[in-house]
Amino acid sequence: MNLNQQLKLQAFLDNELSSREAKEVAQWMEQDAEARQLFTELSHTRAALHQNELEVKLPESREFFWSKIERDIRLQSQQPVSTGFSPDAILAWLYRHLVPASAVALVAIFAIFLATKPAPVKTVAMETMSYGEVETLNEEMGSISFRSESERMTVIYLYNRADDSEAGVSNDGLIQ
Amino acid sequence: MSTQQDYSSKADEVLVKLSQKGDMMAFEELVARHRDKIYARAFSMVKNQDEAIDLSQEAWVKAWQRLGQFQGDSSFATWMTRVTINLCLDYLRKQKRHRAESIEAIEEEHGGVERQMPVVTVNPTEGLERSELRQRIDTALAQLSHEHRTVLILHEFEDLEYKEIAKRMKCSIGTVMSRLFYARRKMAVLLANLKKEE
């Protein structure tokens, strides 16, 4: 007999089974002597305990026991009611509202920082070959600019367009 | 002016209604009537006189605070007992965190040991006087672990169903069933041993 079967026997004794399950257990017990023996033992124990709890008396006098209860009841009813302006209440309010608000603010600040942070330049070549558009008033003058993020420097190279073909620079300013 | 004598003749339901209106003398009468039963329940669960006194005292104070919640669905005694049981269960849970468990207790808790116990074929309580039987039961109960004693008390003495016991002890129905099974088997062996010592 496994534990499941043993627990089913107990549940049958305690009327905790459905009528279908109870019928199955009853039929099983008719055929199984071991099951009947265990059921008998459980029944004896249950019957022995039924209404046979030892009665004990409180080892204190009525007056003394009541005096302690009364004292505790009066003490609890005298607890100061919070008006909302006590230091404890204020601290509690601050903790309750400011801590979550601070957390939200920190997250927002971090998000803004990430959004506005300039994109890092990944390679030296890219760093040195960042071409910006520089407007010049003189149409004969061309310009090439580059910015170095690490050096935080922008260099603008101005050249005479008349010399473009010699320099190998196209009209849009790209070195070819 | 009301005297304590006036209250002693009143039914529990009347005293409860008076207590709910703030009549402490009425409540004192309720305490006097049921204090032994409440103490007995606390003592049966925690098996320590001082703790049982403190817990039953705390139960009465809690009952005064929660009187407004008592609707009369059950008797006052039953409701009061439930308050006490819940306090004792909270106490036992806190104690369990601090209690070092013996190997025997761990084996008892996790099961399997009950399968090694031979079936007790003779009724170990047959022919005993009621007072003797109650004393033996109390002696045997004291030898169980808190968990097994509690489940036995709640089922056998408080007539709670498995589901209700599981809810109060914050465990599964399966755990209730296996603890109850172990507790009963152990009780059978303990009672049989006590009979042999005669």
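Let's start at one cross-chain contact: A:K57 and B:D36 form a salt bridge in which the closest N and O atoms are 3.5 Å apart. The pair links the two chains, running from A:K57 in the loop between helix 3 and helix 4 of chain A to B:D36 in helix 3 (residues 24–46) of chain B. The two partners sit in unlike surroundings: A:K57 is exposed, with a relative accessible area of 64%, whereas B:D36 is partly exposed, at 23%. Please keep in mind throughout that this is a predicted model.

From that one pair we can step back to the whole interface. Here 41 residues of chain A are in contact with 49 residues of chain B. Between them the chains bury an area of about 4500 Å², and carbon and sulfur atoms give 61% of it. On the chain A side, the residues that lose the most area to chain B are A:L49, A:E53 and A:R62, which together make up 16% of what that side buries.

The polar side of the interface deserves a look too. Seven salt bridges are found across the interface of chain A and chain B, and 19 residue pairs are in polar contact there, with both residues at pLDDT 80 or more. Which parts of chain A supply the side that touches chain B? Helix 1 (3–13), helix 3 (33–49) and helix 4 (62–77) of chain A each supply at least two residues. Helix 4 gives the most, with eleven residues. By type, the residues on this side of chain A divide into 17 nonpolar, ten polar and 14 charged.

Another salt bridge to look up in the viewer is the one where the side chains of B:R134 and A:E55 meet, at 3.6 Å from N to O.

Now let's widen the view to charged pairs in general. Over all chains, the structure holds 21 salt bridges. One of them joins A:E70 to A:R74, with the closest N and O atoms 2.9 Å apart. Both residues lie in helix 4 of chain A, and their spacing of four residues is about one turn of the helix. Each is partly exposed: A:E70 has a relative accessible area of 25%, and A:R74 has one of 42%.

A second pair to find is A:D72 with A:R71, whose closest N and O atoms are 3.3 Å apart. The accessibility of these two falls into separate classes, for A:D72 counts as buried at 19% relative accessibility, while A:R71 is partly exposed at 45%. Beyond such pairs, salt bridges that share partners join A:R62, B:D12, B:E28, B:E29 and B:R33 into one network. You have met A:R62 already, as one of the chain A residues that lose the most area to chain B.

Next, the strands of chain A. Strand 1 (residues 141–148) and strand 2 (residues 153–160) of chain A pair in the antiparallel sense over eight bridges. To get your bearings, find A:G142, whose bridge partner in strand 2 is A:Y159. The two strands form a hairpin with four residues between them. In that turn, A:R152 has a positive phi of about 55°.

Positive phi values turn up elsewhere as well. A:Q51 has a positive phi of about 55° although it is not a glycine. Its place is in the loop between helix 3 and helix 4 of chain A, the loop that also holds A:K57. Is A:Q51 buried or exposed? With a relative accessible area of 53%, A:Q51 is exposed. Chain B offers a comparable case in B:K170, another residue that is not a glycine and has a positive phi of about 55°. Look for B:K170 in the loop between helix 9 (162–169) and helix 10 (173–196) of chain B, where, at 63% relative accessibility, it counts as exposed.

That brings us to chain B as a whole. How many helices and strands does chain B have? There are ten helices and zero strands. Of its 198 residues, 52% count as buried. Finally, take the contacts in chain B between residues at least 6 apart in sequence: 65% of these join residues at least 24 apart.

Notes: Residues are numbered from 1 along each chain as its sequence is written. Chains are lettered from A and ligands numbered from 1 in the order in which they are written. This is a predicted model: local features need pLDDT of at least 70, side-chain atom pairs count only at pLDDT 80 or more; totals for chains, interfaces and linings use all residues. Side-chain values use heavy atoms; hydrogens and water are left out. Contact means heavy atoms within 4.5 Å. Buried area is the accessible area (1.4 Å probe) that two parts lose on being put together, summed over both. A salt bridge is a side-chain nitrogen of Lys or Arg within 4 Å of a carboxyl oxygen of Asp or Glu. A polar contact is a pair of N or O atoms within 3.5 Å; within protein, one must be able to donate a hydrogen and the other to accept it, and residues adjacent in sequence count only if both atoms are side-chain atoms. Ala, Val, Leu, Ile, Met, Phe, Trp, Tyr, Cys and Pro count as nonpolar, Asp, Glu, Lys and Arg as charged, and the others, Gly among them, as polar. Buried means under 20% relative accessible area, exposed over 50%, partly exposed in between (1.4 Å probe, protein chains only). Two strands pair if DSSP finds at least two bridges between them.
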